[in-house]
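Please work through the exercises below with the sequence and the model side by side. Each task is followed by a solution that goes step by step.

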Amino acid sequence: MIFGVLKDNKIGEYRVVLTPVEAAAIKEDGHTVLVQKDAGLSAGFTNEQYEQEGAEMVDTIEEMYKRCDFLAKVKEIEESEYGLLRENQIVYTCIHPAAHPEQVQAILDSKSVAFTAEDSHRFGSVNCEAAGKQGALMGLNAMLTINGGKGKFVSGLAGAPGMKVLILGGGLVGRSSLQVLQSLGAWCTVMDVNYGVLRDIGRTYNEKVNTQLSTKQNIKKLLPEIDMVINCVKWPKENKDYLIDREMLHLMEKGSVIVDISNDEDGAIESFRETTHEDPMYVENGVVHYCVSNIPGAIANSTSVAYAASVLPHIRSILNHGVKEACIRDGFLRRSLTAYKGYLTHEETSAIQNRPWARPEDVLQLQEEEIDFAPPATRTRSTNFLKI
């Protein structure tokens, strides 16, 4: 195949999906590798480094889409790219399809084959780890007096107590935030709906981290003494309630901070609105909000290196075995199949957008195959099936 590394053009995005190391591996497999000019430059990888590994540099995104059988990037397909998608072309990127109906429609209209990368990670996305760790540090920056925060130092000073932090969600993002903040001396409480998760966190930190069941009532009781909230909850899109609504902001002291790493419209935080690295913070009811959607982009080199290593096996499997065989071999890749030649194959998107869908197993005709198992990507179910 002809494989292409696209330059991400989302505002404030500096990562690249593959570094020269991974480009070399694909080249050694016998494929042609095209890299859009300056795709890795902001992450610390020059055009010359890609060329040294056998990649061909391409000036324009139009030529990339025209020539490549398979394209990969980090973030969503931008509106300017919709008309460039081609029938049977394979795309692997973080599509977030349930939240982007226009993008989904463009993919379906093109009859391309699209994988949403965020659903393909067997051991959790490196981007989640990066968002959790760097998001914690961004929250500490928002806490500074010069940024409108309380001006508390994370671990405290002699005679001055440290920060009290509430982390909502004990998954990979939440644990990554906890790892940074607890090691810096913050007083941390983690809330989750899973007692097994809470028990594991307590055991990991020798019960030096408080854990509580995540309920609105428990949050209300705790908010008056909390300096910073970090939201790491993947909020069900059909849930129209909030864990923290606007009225609850009045329970927090002025200069407190909310870092919404999950970054969902109609998510767990009612006062959320997406921000950018260029203008990352706003204040509502005296509470500083940090709501940047692509926090990992701020540490583009480290995140690119780690993310490229994690997605390379999926990309090589598709290149070397084809879409069907790759989906047989890995259930996590199969569940991330979002669209296949005009068919929607993503269950959550079907439910949220009220679109008919077909299971990847059906559209790929895998009924007689021994396939690798993977749990559903979300709890959202849809019975709005297409007839194939």
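**Exercise 1.** Determine which strands α9 lies across, and at what angle it runs to β5.

Solution. Helix α9 lies across β1 (2-5), β4, β5, β6 (113-116) and β14 (337-340), where contact means heavy atoms within 4.5 Å. Its direction makes about 155° with that of β5, the axes being lines fitted to C-alpha atoms, for helices over the stretch in contact, with angles running from 0 to 180 degrees between N-to-C directions. Helices (H or I, at least four residues) and strands (E, at least two) are DSSP runs numbered from the N terminus. The model is a predicted one, in which local features need pLDDT of at least 70 and side-chain atom pairs count only at pLDDT 80 or more, whereas totals for chains, interfaces and linings use all residues. Residues are numbered from 1 along each chain as its sequence is written, and side-chain values use heavy atoms, with hydrogens and water left out.

**Exercise 2.** Work out the strand order of the open sheet of 8 strands and find its edge strands.

Solution. The order is β3-β2-β1-β4-β5-β6-β14-β15, with mixed pairing, and two strands count as paired if DSSP finds at least two bridges between them. The edges are formed by β3 (56-58) and β15 (343-344), each of which pairs on one side only. Inside the sheet, β4 (residues 70-72) and β5 (residues 90-93) pair in the parallel sense over 3 bridges, and Phe 70 stands opposite Ile 90 in β5. The pairing of β5 with β6 is also in the parallel sense, over 4 bridges, and there Thr 93 has Thr 116 of β6 as its bridge partner.

**Exercise 3.** Establish how the side chains of β6 are directed, and whether they are buried or exposed.

Solution. In a regular strand the side chains alternate between the two faces of the sheet. In β6, Val 113 and Phe 115 point one way while Ala 114 and Thr 116 point the other way, and all are buried, that is, under 20% relative accessible area, as against exposed at over 50% and partly exposed in between (1.4 Å probe, protein chains only). The strand β6 also helps to cover helix α4, since what covers the buried residues of α4 includes β6, β14, β15 and α11 (347-353). Those buried residues of α4 (residues 101-110) are Gln 103, Val 104, Ala 106, Ile 107, Leu 108 and Ser 110. Just after α4, Lys 111 takes a positive phi of about 60°.

**Exercise 4.** Describe how α1 and α5 each pack against α9.

Solution. Two packed helices are described by the angle between their axes and the distance between the axes. For α1 (residues 20-28) and α9 (residues 300-329) the angle is about 20° and the axes are 10 Å apart, so the two helices are roughly parallel to each other, a label for angles under 35 degrees, with over 145 counting as roughly antiparallel, 65 to 115 as roughly perpendicular and the rest as oblique. Glu 22, Ala 25 and Ile 26 of α1 meet Ala 308, Ala 309, Leu 312, Ile 315, Arg 316 and Leu 319 of α9.

For α5 (residues 126-142) and α9 the angle is about 155° and the axes are 9 Å apart, and these helices are therefore roughly antiparallel to each other. Their contact is made by Val 126, Asn 127 and Ala 130 of α5 with Thr 303, Ala 306, Tyr 307 and Ser 310 of α9.

**Exercise 5.** Place His 314 and Leu 249 in the model, and decide whether each is buried or exposed.

Solution. His 314 is found in helix α9 and is buried, with a relative accessible area of 9%. Leaving aside neighbours within four places in sequence, His 314 is in contact with Tyr 92, Ser 120, Asp 330 and Leu 333. Leu 249 has its place in the loop between β10 (228-231) and β11 (257-260), and is buried with a relative accessible area of 0%. Not counting residues up to four places away in sequence, Leu 249 touches Ile 244, Ile 258, Ser 271, Glu 284, Asn 285, Val 287 and His 289. From Leu 249 to Leu 333 there are 84 residues in sequence and 40 Å in space, C-alpha to C-alpha.
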